[in-house]
Amino acid sequence: MGTHNHQTIQPHNHTAMTIIEIKELFKTYNDSEVEVHAVNGVDLNIEEGEFTAIVGPSGSGKTTLLNMLGGLDQPTSGNIRIDDTDLGKLKSSQLIDFRMKNIGFVFQSYNLIPVLTAKENVEFVMHLQGRPKKEREARTMQLLEAVGLKGREDSRPSKLSGGQQQRVAVARALASKPKFVLADEPTANLDSKSTENLLNIMEELNKQEKITFIFSTHDQRVVNKAHRVITLEDGKIISDNRKK
Amino acid sequence: MHYTLNSNDMIPSVAWRNIWRNPLRSGIIITAITIGMFAGVFSATFMKGWMNQRLEAGIETETSHIQIHNPEYRKNYDIRQIIPKGFDLAEQLSENPTINGVSPRITIQSMVASAETGTGVKIMGIIPEKEKQVTSLSEYVTEGDYFESISRNPIVIGKKLSEKLKIKLKSKVVITLQDADGHLTGGAFRVCGIFDTANSMYEETNVFVRYQDLARLSMLSEGVAHEIIIHLHDQNDLNSTTLALREQHSGLEVLNWKELTPELGYLNEIGNLYTYIFVIIILLSLGFGIVNTMLMVVMERVKEIGMLMAIGMGKLRVFLMLMFETILLTLTGGTIGIMLGLGASLALQQNGINLSNWAQGLEDFGYSSIVYPVVEVQMVVVIVILVILTGILASLYPARKALKYNPADAIRTE
């Protein structure tokens, strides 16, 4: 179905490197009697340094697409290539390792380990990676400063506001120096001031450090900030607009 | 995927802090483990003390370490089955450096009667000074004395027997027995001392007279013995000395206390077994409580576990984190309980635990009514290992359950 059937895929006429390449991606659920095509033939390239929002109504396939992009879910067919790695070829244990090294995650909520302080949460992935202490500490302090939480290093999540918690989550996602950050409705539980603040920080990190951000969102404020807006409906891309 | 724990790993630290996220719930299960382990350890030391006391009483006052008999004697306790040169042998044995004391005895199954009634007893003719070196019975004489106050035919009997025969100190009793020639004979003895041990049965069935009195009565010649009782300096020499004596005196029957009273020999093992079974039952029931607690933990943290897996925490690490949490929970309760149990045992080691309300029944079986707990390192180590094992086993099911989650689904669970 789908009334808007045209796709506006931009030609690659600039020098930026493609880091994500999605080809003919399908995801079909057979849970009930009716087959559900959550993702129904998506082709998409994401380049280094993008600040991209994936939008669409509930059930449009945003979350499914993001899960597959993050290696949390396997496609029914098609493939996802991140740099030189074909995600479909990785075993589940390799996938965990791949996520740890290459992808930063920011979720809607429950991003942080409640028993660890802000600093320890940011350090956690670097611990999993087995980075030396000096490096961990330096990077953590740098990131917490970048997200405006200097001085709150030793606070546990329960002592931080929702916006502050999401900023710690962003710092945590960046700690492992990922190729890109996937943020699934990161502002869904935030008030407008915190949303503004969080978006500014992410935009700044995008500009300064060339961090690639991919959001899924309902939030018009996020859409307004994004440099590229991909709209999904019924598992298909119905529009893809670059602002700049 | 392999995983090694290094010193700055966060997993144990996270696990420990996780325990205290719900202090009430963790507190309840820790308290349960504490109480269980206190009970386990305390009953273990109590049991150990009790068994040791029984063992010591059995050896020191009754059998001593090693006994030598004519090989035929123990078959039907025939008065004629003697060791002909018993005194010489005893003398010779006392030269042995591992041997502390040697006492030759004449032992005859006989009847003892008071004016009121009579009963069957084992009558032992002893040389008091030598007997003192092999058994501690003289120390248990609570009324009268040990062959001192009465010069003619003195007899030392147990308290229980004195009650049965309704006799007192200085009362006269008549011993009836078959002498070495097969004639029935008898003699009058006067009660010189009454001993009171923890073993009523022993008190009731054993009486002591002087060697020369019994030898004269039973027409046995001086110097013979039915049994030679040997007490060692060190219990550790028991097996080697038994074997050596058996080799040197192949014509005689050499038995140590473990062989003479196998029920005493097994007492230690039975006591340990009982303790371990008790502790295992406690831990088993606690284990189910721990599993339940950890299942609640896993259900409660579905989203968090999903998030941890998404950001790159492998299944093995999630599994280990939950396992650490379970083990630390179990060990916390276990350590406190074991400490309290040891503390209580050590505190009561001096004065003992008085069970006199039940003592009558217990003493019939040879168990003392005041129990002094004994702490044995080996047993504590085994209990600690059992506690850790319980923690590991109890963690398997909940931790495995956590691994079944798909991170993408788990993090969106409502």
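**Exercise 1. In which loop of chain B is B:Tyr372 found?**

Before we start, keep in mind that this is a predicted model.

*Step 1.* Place the residue. B:Tyr372 sits in the loop between strand S12 (370–371) and helix H15 (377–403) of chain B.

*Step 2.* Check how much of it is covered. Its relative accessibility is 33%, so B:Tyr372 counts as partly exposed; the partly exposed class lies between 20% and 50%.

*Step 3.* List its partners. Setting aside neighbours within four places in sequence, B:Tyr372 touches B:Gly49, B:Gln53, B:Gln349, B:Gln350, B:Asn351 and B:Gly352.

*Step 4.* Try one distance. B:Thr63 is 309 residues away from B:Tyr372 along the chain, and their C-alpha atoms are separated by 22 Å.

**Exercise 2. Work out the surroundings of B:Leu322: is this residue buried or exposed?**

*Step 1.* Find the element first. B:Leu322 belongs to helix H13 (residues 315–347) of chain B.

*Step 2.* Now look at the area. B:Leu322 has a relative accessible area of 2%, so it is buried.

*Step 3.* See what surrounds it. Leaving out neighbours within four places in sequence, its contacts are B:Met294, B:Val297, B:Val298, B:Arg301, B:Ser395, B:Ala399 and B:Ala402.

*Step 4.* Compare sequence with space. B:Leu322 and B:Val14 lie 308 residues apart in sequence, yet their C-alpha atoms are 9.7 Å apart.

**Exercise 3. Describe B:Ser114: which residues is it in contact with, leaving aside its neighbours within four places in sequence?**

*Step 1.* Locate it. You'll find B:Ser114 in the loop between strand S2 (99–113) and strand S3 (118–126) of chain B.

*Step 2.* Go through the partners. Beyond those sequence neighbours within four places, B:Ser114 contacts B:Leu165, B:Ile167 and B:Lys172.

*Step 3.* Classify it. The relative accessible area of B:Ser114 is 13%, so this loop residue is buried.

**Exercise 4. Compare two residues with positive phi: where is A:Lys210 placed, and where is B:Asn153 found?**

*Step 1.* Take A:Lys210. It lies in the loop between helix H6 (192–209) and strand S8 (212–217) of chain A. Its phi is positive, about 60 degrees, although A:Lys210 is not a glycine.

*Step 2.* Take B:Asn153. This residue is in the loop between strand S4 (141–144) and strand S5 (154–158) of chain B. Here phi is near 45 degrees, again a positive value in a residue other than glycine.

*Step 3.* Put the accessibilities side by side. A:Lys210 counts as exposed at 57% relative accessibility, whereas B:Asn153 is buried at 12%.

**Exercise 5. Sum up each chain: how many helices and strands are there in chain A and in chain B?**

*Step 1.* Count the elements in chain A, then check its overall form. Chain A comes to 7 helices and 10 strands. Its radius of gyration is 18 Å, close to the 18 Å from the globule rule for 244 residues, so chain A is as compact as a globular protein of that length. The C-alpha trace spans about 55 × 45 × 40 Å along its principal axes.

*Step 2.* Do likewise for chain B. There are 16 helices and 12 strands in chain B. The radius of gyration of chain B is 31 Å, well over the 22 Å that the globule rule gives for 414 residues, so chain B is more spread out than a compact globule. Its C-alpha trace spans about 100 × 45 × 30 Å along the principal axes.

*Step 3.* Look at burial. Buried residues make up 55% of chain A and 54% of chain B.

*Step 4.* Turn to the surface. Chain A exposes about 11,200 Å², with 47% supplied by carbon and sulfur atoms. For chain B the exposed area is about 19,000 Å², and carbon and sulfur atoms supply 59% of it.

*Step 5.* Tally the charges. Chain A has 32 positive and 32 negative side chains, their centres 6 Å apart. Chain B has 34 positive and 40 negative ones, with centres 9 Å apart.

**Exercise 6. Examine where the chains meet: which residues of chain B lose the most area to chain A?**

*Step 1.* Count the residues involved. 23 residues of chain B are in contact with 25 residues of chain A.

*Step 2.* Get the area. About 2,400 Å² is buried between the two chains, and carbon and sulfur atoms give 66% of that.

*Step 3.* Pick out the leaders. On the chain B side, B:Met10, B:Arg17 and B:Ile311 lose the most area to chain A, together 27% of what that side buries.

Note on methods. Residues are numbered from 1 along each chain as its sequence is written. Chains are lettered from A and ligands numbered from 1 in the order in which they are written. This is a predicted model: local features need pLDDT of at least 70, side-chain atom pairs count only at pLDDT 80 or more; totals for chains, interfaces and linings use all residues. Side-chain values use heavy atoms; hydrogens and water are left out. Helices (H or I, at least four residues) and strands (E, at least two) are DSSP runs, numbered from the N terminus. Buried means under 20% relative accessible area, exposed over 50%, partly exposed in between (1.4 Å probe, protein chains only). Contact means heavy atoms within 4.5 Å. The radius of gyration is taken over C-alpha atoms; the globule rule is 2.2 Å times the number of residues to the power 0.38. Accessible areas come from the Shrake-Rupley method with a 1.4 Å probe; for residues, only the protein chains shown count as cover. Lys and Arg count as positive and Asp and Glu as negative; His and the chain ends are not counted. The place of a charge is taken as NZ of Lys, CZ of Arg, CG of Asp or CD of Glu. Buried area is the accessible area (1.4 Å probe) that two parts lose on being put together, summed over both.
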